[in-house]
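Trainee: May I ask for a close look at a single part of this model, namely the loops and the helices that they join? I should like to see where the backbone behaves in an unusual way.

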Amino acid sequence: MSGSTLILIAVAGIFLLLFLVMRTKLHAFVSLLLVSLLVGVAAGMPLGDVIASIQNGMGGTLGFVAVVVGLGAMFGKMLEVSGGAERLAQTLVNKFGEDKAQWALALTGFIVAVPVFFDVGFIILVPIVYGLAKKTGRSLLYYGIPLLAGLAVTHSFIPPTPGPIAVANLIGAELGWVILFGVIAGIPATILAGPIFAKYIAKKIHVTIPDYMEFEEIDTSKELPSFKMIVSLISIPLVLILANTLSAVLLEEGNGIRTFFTFMGHPFVALTLATLLTFIFLGTRRGYTRDEVQEIATKALEPAGIIILVTGAGGVFKQVLIDSGVGDVLGEMMAGSALPAIVLAFLIAAVVRVAQGSATVSMVTAAGLITPLLELQNITGAALGLIVISIASGATVLSHVNDSGFWLVNRYFGLDVKDTLKSWTVMETIIGLTGFAVVFLISLFII
């Protein structure tokens with residue numbers, strides 16, 4: 001089959017995927033599987049090989065992603081039910097003071113979103129935004145945008161959140177590099193999209209607590225976990241994973257310290273250790289029975305299961321593209337482009353994001369399409385970490401009415417569609433563009 005025909009099949013497959021998700025509202029998991037099947041058959045693969053590719057793509061992806069996302073979800077749920085997120089917010093707002101509460105909320109969101117899903121973190125912490133806005137008379141956006149920016153940046157850029165985990169696995173990037181570059185890109189993105197943009201937009205759009213929201217101020221007298229304990233628990237997996245990556249760069253193979261950190265810093269070990277510690281220090285030592293801790297952990301896997309399956313289906317799509325030969329042709333076509341891989345990765349993710357709304361689907365689709373080019377150009381090591389953040393940046397920009405996050409903010413802040421576009425959509429776009437600008441600059445010295 002000619003290269004041009006294979007390209008047409010790939011393009012048709014992507015358009016079909018967008019049609020199924022957007023127009024027919026077929027679940028992304030089923031849509032990805034169906035499109036993978038059809039692309040494989042249309043590309044002339046033997047029917048048995050199509051099935052084998054699906055099995056290998058799913059198994060190869062979930063062998064890593066299911067473990068990491070599952071452990072991360074349980075870790076985050078314990079932080080949620082124990083009041084750890086409230087403790088972080090209360091302590092930071094008190095330390096920074098009311099005048100700098102914006103910065104405290106941005107930092108809170110940045111830290112909380114490491115183990116806690118974006119929407120859960122927002123719903124837990126929005127009463128603090130309500131309380132500050134009510135006390136000061138300022139627009140909800142003055143405090144809400146910094147919190148949202150911190151949550152959104154970490155949710156998109158820093159493992160073990162599902163998006164970067166999925167992309168890192170699909171393109172073969174080390175999580176240590178992803179964490180490092182995610183933090184480097186995430187800090188300026190949070191500052192620009194958070195406190196700085198919030199001061200501007202709060203002057204343009206004044207919103208108060210919606211009448212339909214039942215607002216109760218957080219009880220600051222109830223006993224919560226200590227601030228130091230929460231920060232320590234969140235830091236453990238990140239520090240161990242980073243130590244693994246840095247030891248591989250700084251120490252020779254066979255060195256005892258490197259061997260130790262290679263084991264302890266593997267995401268499986270680091271997250272298992274962190275999750276066990278949360279079960280103990282935020283669970284049993286705070287009065288929960290073992291059965292209650294088990295119930296909390298089980299409940300945490302319900303939303304994680306959807307993310308795991310969609311990510312696995314993204315792995316299937318990638319595998320079918322590679323096994324059918326479509327990937328090689330796509331890789332050669334993109335290699336002939338004047339644009340570097342990091343720019344193409346951003347643009348592909350951004351186009352899919354705008355078209356269908358889901359950041360996760362955008363990330364896994366872009367990762368599957370860009371992988372052949374990365375292999376063709378022999379892009380490895382730290383450079384792959386930059387590609388992950390570039391894809392995550394593209395999958396963040398221009399959130400609009402087809403994104404669930406858009407409506408979450410719309411409802412909790414009582415905004416109309418126009419003002420949600422002016423605030424939330426612009427904030428998300430600032431995050432994506434800033435993150436991309438940072439990794440693009442770094443890529444000039446690495447790729």
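Mentor: Leu398 lies in the loop between α17 and α18 (404-412); helices are DSSP runs of H or I with at least four residues, numbered from the N terminus. The model is predicted, so local features need pLDDT of at least 70 and side-chain atom pairs pLDDT 80 or more, while totals for chains, interfaces and linings use all residues. Residues are numbered from 1 along each chain as its sequence is written, and side-chain values use heavy atoms, without hydrogens or water.

Most residues other than glycine have a negative phi, and most peptide bonds are trans. Leu398, which is not a glycine, has a positive phi near 55 degrees. Its relative accessibility is 40%, and Leu398 therefore counts as partly exposed (buried is under 20% relative accessible area, exposed over 50%, partly exposed in between, with a 1.4 Å probe and protein chains only).

Asn378 offers a second case, in the loop between α16 and α17. Although Asn378 is not a glycine, its phi is positive, at about 55 degrees. With a relative accessible area of 59%, Asn378 is exposed.

The loop between α7 and α8 contains Pro160. Pro159 and Pro160 are joined by a cis peptide bond, with omega at about 15 degrees.

Beyond that loop comes helix α8, residues 162-171, which is mostly covered, since nine of its ten residues are buried. The buried residues are Pro162, Gly163, Pro164, Ile165, Ala166, Val167, Ala168, Leu170 and Ile171. Among the elements that cover them are α3 (47-82), α7 (140-157) and α9 (175-204). The covering also includes α13 (290-324), α16 (359-376) and α17 (382-394); contact here means heavy atoms within 4.5 Å. Thus α16 and α17, which flank the loop of Asn378, also help to cover the buried residues of α8. After α8 comes Gly172, with a positive phi near 80 degrees.

Elsewhere, helix α10 (residues 227-250) and helix α11 (residues 256-264) have axes that come within 8 Å and cross at roughly 140 degrees (axes are lines fitted to C-alpha atoms over the stretch in contact, with angles from 0 to 180 degrees between N-to-C directions). From α10, the contact is made by Leu240, Ala243, Asn244, Ser247 and Ala248. From α11, Arg258, Phe261, Thr262 and Met264 take part.

Terms used. Helices (H or I, at least four residues) and strands (E, at least two) are DSSP runs, numbered from the N terminus.
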